Protein chains: 2
Amino acid sequence: MSRRLPGAGGGRTGIRQVADLAGVGIASVSRVLSGQPGASPQLTERVLAAARQLGYAPNALAQNLRRRTTRSIGFVGSDIRNPLLSSIVGGAEAVLSAAGYSVLLTNSGGVPDLDARRIEVLLQRQVDGLILLPASEGDPATLAALRGTDVPIVVIDRILPVDVNACYVFSDHRAGVGDATRHLLLQGHRRIGLAVAEGVRPSRERILAVEDAYRGLDLVADILVELGALSTERGENAMEAFLDRADPPSAIILGGNQLLEGALNVVRRRGLRLGKDISLVCCDDLPLSRLYDPPIATVMRDTSLLGQRAAEMLLEQLAHPHPIEPIVLPTWFIVRASCGKPT
Amino acid sequence: MSRRLPGAGGGRTGIRQVADLAGVGIASVSRVLSGQPGASPQLTERVLAAARQLGYAPNALAQNLRRRTTRSIGFVGSDIRNPLLSSIVGGAEAVLSAAGYSVLLTNSGGVPDLDARRIEVLLQRQVDGLILLPASEGDPATLAALRGTDVPIVVIDRILPVDVNACYVFSDHRAGVGDATRHLLLQGHRRIGLAVAEGVRPSRERILAVEDAYRGLDLVADILVELGALSTERGENAMEAFLDRADPPSAIILGGNQLLEGALNVVRRRGLRLGKDISLVCCDDLPLSRLYDPPIATVMRDTSLLGQRAAEMLLEQLAHPHPIEPIVLPTWFIVRASCGKPT
DNA sequence: TTGAAAGCGCTACCAC
DNA sequence: GTGGTAGCGCTTTCAA
């Protein structure tokens with residue numbers, strides 16, 4: 001029994017209305033509008049006219065349910081407010097939307113448990129794929145959620161257990177931090193402080209890079225590591241921890257731009273001269289890093305590209321799932337005046 | 001042992017499988033899992049057990065199609081890479097996901113035509129509502145797309161024609177810029193350069209605020225306005241345009257943090273001393289603005305709050321559509337050393 | 001209390 | 001070529 005009211009305001013305009021107005025079957029409407037071959041010019045014409053007249057747009061929900069694909073992907077990150085993440089998201093969104101995909105964005109705020117929940121929601125929503133930059137690499141709930149699905153997963157700068165079946169896009173943190181460390185060592189620094197996040201790949205790589213650099217110059221590694229979150233406060237704490245030691249490092253590498261502001265606060269507060277009393281290198285850029293006085297030496301990378309590559313990799317997997325080698329994108333060190341010789 | 005092997009058992013686990021395993025009808029499964037009253041304890045128990053055993057999660061697509069609501073909202077912005085936008089998105093996402101909504105994020109890159117397309121896509125995807133921060137206020141395609149829908153729309157810092165039927169969250173740009181201008185005038189500045197984006201509410205408000213400030217002090221307004229995009233290059237151009245004049249302004253207000261880096265480049269290149277040779281105020285913060293030498297005087301606002309309020313307003317409209325007054329959130333001026341007396 | 005069945009709006013198969 | 005029609009997986013009457 002049809003419950004469509006006659007005239008305006010009755011039912012929403014669906015494929016049925018278009019078919020009626022054009023005087024054809026709904027199958028034909030579907031075919032024409034989805035550009036499938038095998039419709040006569042005049043039928044095509046009639047359908048198009050009717051659709052235009054009604055301002056018809058297909059209900060993606062129904063299409064998706066039927067087609068068993070949503071052309072949407074889920075992005076799971078910790079905090080979009082972080083310029084790093086937003087740049088990655090921006091890069092990924094550009095590629096994905098150009099390919100006709102929509103991005104479902106979730107923010108866990110760094111709470112692992114939320115990561116898991118958000119992933120479950122995304123999977124319920126039948127996303128076709130996932131791009132992940134989780135706060136932690138080992139959260140059981142997150143891993144369980146991930147193991148329960150078949151959709152392609154691309155992970156950025158994290159390593160998940162093999163049974164999760166993900167693809168990877170990494171930054172070559174070793175290159176940039178290695179160069180930075182070598183520079184510091186050649187300047188004469190012998191004890192280096194390293195403040196990094198806990199339990200994620202970039203931190204491990206950075207620590208290894210520093211160690212390697214010592215070794216490469218036949219020096220005995222003398223490294224102080226501060227593990228913790230990535231935040232302004234943490235930047236302050238770590239910096240103070242380094243400087244309060246009886247044997248403070250003469251150079252410090254910050255494993256994240258979120259730490260920079262805090263670290264600089266401490267430097268100022270203590271009246272230290274950057275590049276003289278203490279040398280500083282920051283991983284990842286900030287808009288004014290280059291213009292700071294003195295300019296902040298930085299380990300750079302193209303974060304937008306990181307997102308783009310992740311998206312491309314996902315699209316590839318969507319088209320044709322297959323095991324694939326991780327992509328490794330470059331980082332590079334830019335010497336600036338925040339690094340100087342030790343006193 | 002709840003994980004199903006791929007391919008095992010034939011069909012994906014749907015409500016049907018749960019019903020069969022529990023030996024009940026699918027209607028009962030639906031009722032139990034959506035927490036509707038009127039199911040006996042033992043039925044509930046059986047269904048829950050079966051669902052758990054199969055690792056069943058309802059297909060949100062099917063639910064949404066049937067319920068005619070998706071619990072998703074679309075966010076349309078120009079560039080998520082802009083810290084301002086990412087902070088707004090972050091605030092909105094937090095509120096929305098806490099309320100059970102997902103966010104579909106789109107980035108137009110500032111191309112008005114893309115704004116329109118993205119909105120159409122979101123509407124096809126049946127989002128329940130829209131949060132907009134469009135690049136332009138007057139793009140015909142965008143407005144047409146917006147007029148074609150009934151979903152609640154919340155617009156941030158833009159004004160759309162009344163026939164679009166949107167709700168608004170504004171920043172009180174006049175307060176902050178007014179205070180900044182008064183400060184500059186009281187310092188003795190008489191000619192002020194203002195670099196703002198073209199054709200959007202914040203720019204109009206800022207111009208008015210500057211004019212009002214002159215008037216309030218019984219001064220004849222002497223304002224130079226540079227209209228354009230918001231980018232580093234534009235910051236350079238605008239700054240050069242101001243400084244190249246025969247009668248350059250002694251103080252400059254930048255209507256967007258995207259302009260700051262470019263403006264500072266020019267200041268440096270020309271060897272000008274900020275706060276002495278030229279005074280500078282920037283609208284919206286950057287992580288290192290406060291630590292710059294000299295610190296950058298800034299018109300502040302809580303951008304995350306902007307996103308939160310927008311989200312809350314949308315949720316309100318979702319629950320109960322009704323005309324509602326715009327929300328206006330504060331901005332405030334923070335004097336810093338980049339402002340000084342004119343020479 | 002429970003279940004069968006009618007769709008939600010669409011695609012794709014199959015017959016004409 | 002074209003148009004019925006059977007579902008996609010779910011919710012929600014309605015009847016039992």
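In the predicted model, DNA strand D is surrounded by 26 residues, a residue being near a strand if one of its heavy atoms lies within 4 Å of it. The closest of these residues are A:R31, A:R68, B:I15, B:Y56 and B:R66. Sugar or phosphate supplies 62% of the atoms of DNA strand D within 4 Å of the protein, and bases supply the rest. By class, this surface holds 11 nonpolar, nine polar and six charged residues; Ala, Val, Leu, Ile, Met, Phe, Trp, Tyr, Cys and Pro count as nonpolar, Asp, Glu, Lys and Arg as charged, and the others, Gly among them, as polar. At least two residues each come from α2 and α4 of chain A and from α2 and α4 of chain B, where helices (H or I, at least four residues) and strands (E, at least two) are DSSP runs numbered from the N terminus.

Residues are numbered from 1 along each chain as its sequence is written, while chains are lettered from A and ligands numbered from 1 in the order in which they are written. Because the model is predicted, local features need pLDDT of at least 70 and side-chain atom pairs count only at pLDDT 80 or more, whereas totals for chains, interfaces and linings use all residues; side-chain values use heavy atoms, with hydrogens and water left out.

Polar contacts (pairs of N or O atoms within 3.5 Å; within protein, one atom must be able to donate a hydrogen and the other to accept it, and residues adjacent in sequence count only if both atoms are side-chain atoms) were found to both the backbone and the bases of the DNA. A polar backbone atom of A:S40 lies 2.7 Å from a phosphate oxygen of DNA strand D, and a polar backbone atom of B:N59 lies 3.0 Å from a phosphate oxygen of that strand. The side chain of A:R66 places an N or O atom 3.0 Å from a base nitrogen of DNA strand D. A:R66 also approaches DNA strand C, with a polar side-chain atom 2.4 Å from a base oxygen.

Around DNA strand C there are 28 residues, of which A:I15, A:Y56, A:R66, B:R31 and B:R68 come nearest. Of the atoms of this strand within 4 Å of the protein, 67% belong to sugar and phosphate. Phosphate oxygens of DNA strand C lie 3.2 Å from a polar side-chain atom of A:Q36 and 2.8 Å from a polar side-chain atom of A:Q63. Helices α2 (26-33) and α4 (60-67) of chain A, with α2 (26-33) and α4 (60-67) of chain B, are the elements that give two or more residues to this surface, which comprises 12 nonpolar, nine polar and seven charged residues.

B:R68 lies in the loop between α4 and β1 (72-77) of chain B. The residue is exposed at a relative accessible area of 69% (buried means under 20%, exposed over 50% and partly exposed in between, with a 1.4 Å probe and protein chains only). Its phi is near 60 degrees, a positive value in a residue other than glycine.

Chain B superposes on chain A with an RMSD of 0.1 Å after a turn of 180 degrees and a shift of 0.1 Å along the axis, by least squares on the C-alpha atoms of residues with pLDDT of at least 70 in both copies. This is the relation of a two-fold axis. The C-alpha of B:L104 is the nearest to the axis in chain B, at 2.3 Å. Of the contact residues of chain B, 98% recur in chain A, contact meaning heavy atoms within 4.5 Å.

Strand β2 (residues 102-107) of chain A has six of its six residues buried, so it is largely enclosed by the rest of the structure. A:S102, A:L104 and A:T106 are buried on one side, and A:V103, A:L105 and A:N107 on the other. Strand β1 (residues 72-77) of chain A pairs with β2(A) in the parallel sense over six bridges, pairing requiring at least two DSSP bridges. Within chain B, B:T106 in strand β2 is buried at 6% relative accessible area. Residues touched by B:T106 include A:E93, B:F75 and B:R118, leaving aside residues up to four places away in sequence.

B:S171, in strand β5 (residues 167-171) of chain B, is buried at 1% relative accessibility. Its side chain forms a polar contact of 2.9 Å with that of B:R301.
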